[in-house]
Amino acid sequence: MKYLNSGYAETPLSICETNKISPVCRVVRDTQDTTDGPRGPGGASRVSGGRDDSRSLQSTKRRWVPPSTVRRDAQTPENRHDQVFRKVRGILNKLTPEKFQKLSDDLLQTELNSSVILKGVIFLIFEKALDEPKYSSMYAQLCKRLTEEAPNFDPPSSPCTFRVLLLNKCKTEFENRSHASEAYPDDAILSPEDEERKQNAKRKMLGNIKFIGELGKLEILAEGILHRCIQQLLGTTHRNKPMAEDLECLCQIMRTCGRNLDTDMGAKLMEQYFKRMEKLAKNNELPSRIRFMLQDTIELRRDKWVPRKATNTEGPMPINQLCEEDNGRSNV
C-alpha cells in the first residue's frame, strides 16, 4: 500500500482517494474539532456559548418578542390594551381637519370593547387637547362623535359609557387645576427647571379649561355643569384674596363658551358673573395682567361676543382655507 507523507502523519493514499478529502484538510478539520468543540449550523462554537448555544437560549427566555408575532389568543389583556392604545395614539398624531372623517372612522373601528379601553382613549384625547389647546375644538368634535357612536357598556336607559367616563375625567381635571399653583407659589424662588414645570402646568390648566368650554359648546357638557365651574372659579379665594389662576381660567372659559351661556335662560346668572368681574377688575391687589384680562372679557360681552380682531380664527384651519387667504393677501 502506498503512503503519502504530508508532514503530519503517514496516511494511506488509497483511503484519501476513496474519501475524496485531502489529508491536510482532514487534519486541519480534526484539529479545529478538538480545540473549538462541536460547531452548530451557524458556525459558532456550542462550547464557547455562541449564538446557537442551547444554554444561551435558556438564559434569554424573557427576551423581547414583537407584538405582531404573538398569536392573539396568547396575548395577555395588558398586551392587547397596549396595542390598542398605540394605534389610537398614532391616529391622534395624524388627526387634522382634512383627515378628520377618515381617522375618526379608523378610531371607531379599533377594539373599543371595554370601559378600560374607553377610559384609556379619553386619557389620550385629553393629553392631546391639553398639549395642543389650539386644536381643542377638533378634539371636542372627536369626543362628540365617540359619544354618539362608541359602544355602550351600561344599561340602555343610562347615559352611554363614553359620556360618563368623559364627564368624570373633566371633573377630575377641573378639581386638580390648583395643584400647580399650590406646588409652585408665586412668592417662591424657583429654579429654571421648576419654573419650566410651573409654566407647563399652567398651560395645561388653561388648555383643560378651554377643552371643557369646547365640550360645552357641543352640548356634551350640560350648561348647569359650566355654570357650576364658573361659580367655583369666581368664588375661590386664598387667604381672603381671589386666586389669579382661577380668574385667568374664568376669562378662558368665558371666551370659549360665554356666547352659548349668554341666552335668555342664563342671562340673569351672566349679569351676576360680570358684575362680580367688574369689581375684581378694579381690585388693585390683583396683578395688572389679570385685571386687564378681566376688562377685555367684559368688553367682549359688551361687543356681543365679537372679538376685536374678527380675522383671528381660534382653532385649526384647513389647508385649502389657508391657501385662499394667502392668495387673497397676494392679490391685494
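Trainee: Where should I start, say with how the axes of helix 4 and helix 5 cross?

Mentor: Keeping in mind that this is a predicted model, you can see that the axes of helix 4, residues 77-94, and helix 5, residues 100-108, come within 10 Å and cross at roughly 170°. Because of that angle, helix 4 is roughly antiparallel to helix 5.

Trainee: And which residues of helix 4 and helix 5 meet?

Mentor: From helix 4 there are V88, I91 and K94, and they meet L103, D106 and L107 of helix 5. Sorted by class, this contact has 4 nonpolar residues and 2 charged ones, with no polar residues.

Trainee: Staying with helix 4, what span should its 18 residues have?

Mentor: At 1.5 Å a residue, the 18 residues of helix 4 should span 26 Å, and the end C-alpha atoms are 26 Å apart, so the expectation and the model agree.

Trainee: Which residues of helix 4 are buried?

Mentor: The buried residues in helix 4 are V84, V88, I91 and L92. When you look down the axis of helix 4, these buried residues fall within an arc of 95°, and therefore they line one face of the helix. The face turned away from that buried side carries E78 and K94, which are exposed.

Trainee: What do the buried residues of helix 4 pack against?

Mentor: They pack against helix 5, helix 6, which covers 115-131, and helix 7.

Trainee: Since helix 7 came up, is S136 buried or exposed?

Mentor: S136 lies in helix 7, residues 136-149, and S136 counts as buried because its relative accessibility is 0%, where the cut-off for buried is under 20%. If you leave aside the neighbours within four places in sequence, S136 is in contact with K210, F211 and E214.

Trainee: Changing topic, which residues are buried in helix 11?

Mentor: In helix 11 the buried residues are L226, H227, C229, I230, L233 and L234. Seen down the axis of helix 11, they fall within an arc of 160°, so they line one face of the helix. On the other side of helix 11, R228 and G235 are exposed.

Trainee: And what do those buried residues of helix 11 pack against?

Mentor: The buried residues of helix 11 pack against helix 8 (161-175), helix 10 (192-217), helix 12 (244-261) and helix 13 (267-281).

Trainee: Let's look at helix 12, then: what is C257 in contact with?

Mentor: C257 has its place in helix 12, and, with neighbours within four places in sequence left aside, C257 is in contact with G213, K217 and L226. C257 counts as buried because its relative accessibility is 1%. The C-alpha atoms of C257 and K210 are separated by 8.7 Å, although these residues are 47 residues apart along the chain.

Trainee: How about N260, which residues is it in contact with?

Mentor: N260 is also placed in helix 12, and, again leaving aside neighbours within four places in sequence, N260 is in contact with K217 and E223. With a relative accessible area of 33%, N260 is partly exposed. N260 and E219 are 41 residues apart in sequence and 9.7 Å apart in space, C-alpha to C-alpha.

Trainee: Zooming out, how many helices and strands does the protein have?

Mentor: The protein has 15 helices and 4 strands, and buried residues make up 35% of its 332 residues. Among contacts with a separation of 6 or more, 61% are accounted for by residues 24 or more positions apart.

Methods:
Residues are numbered from 1 along each chain as its sequence is written. This is a predicted model: local features need pLDDT of at least 70, side-chain atom pairs count only at pLDDT 80 or more; totals for chains, interfaces and linings use all residues. Side-chain values use heavy atoms; hydrogens and water are left out. Axes are lines fitted to C-alpha atoms, for helices over the stretch in contact, and angles run from 0 to 180 degrees between N-to-C directions. Helices (H or I, at least four residues) and strands (E, at least two) are DSSP runs, numbered from the N terminus. Angles under 35 degrees count as roughly parallel, over 145 as roughly antiparallel, 65 to 115 as roughly perpendicular and the rest as oblique. Contact means heavy atoms within 4.5 Å. Ala, Val, Leu, Ile, Met, Phe, Trp, Tyr, Cys and Pro count as nonpolar, Asp, Glu, Lys and Arg as charged, and the others, Gly among them, as polar. Buried means under 20% relative accessible area, exposed over 50%, partly exposed in between (1.4 Å probe, protein chains only). The arc is that of the directions from the helix axis to the C-beta atoms. The expected span of a helix is 1.5 Å times one less than its number of residues.
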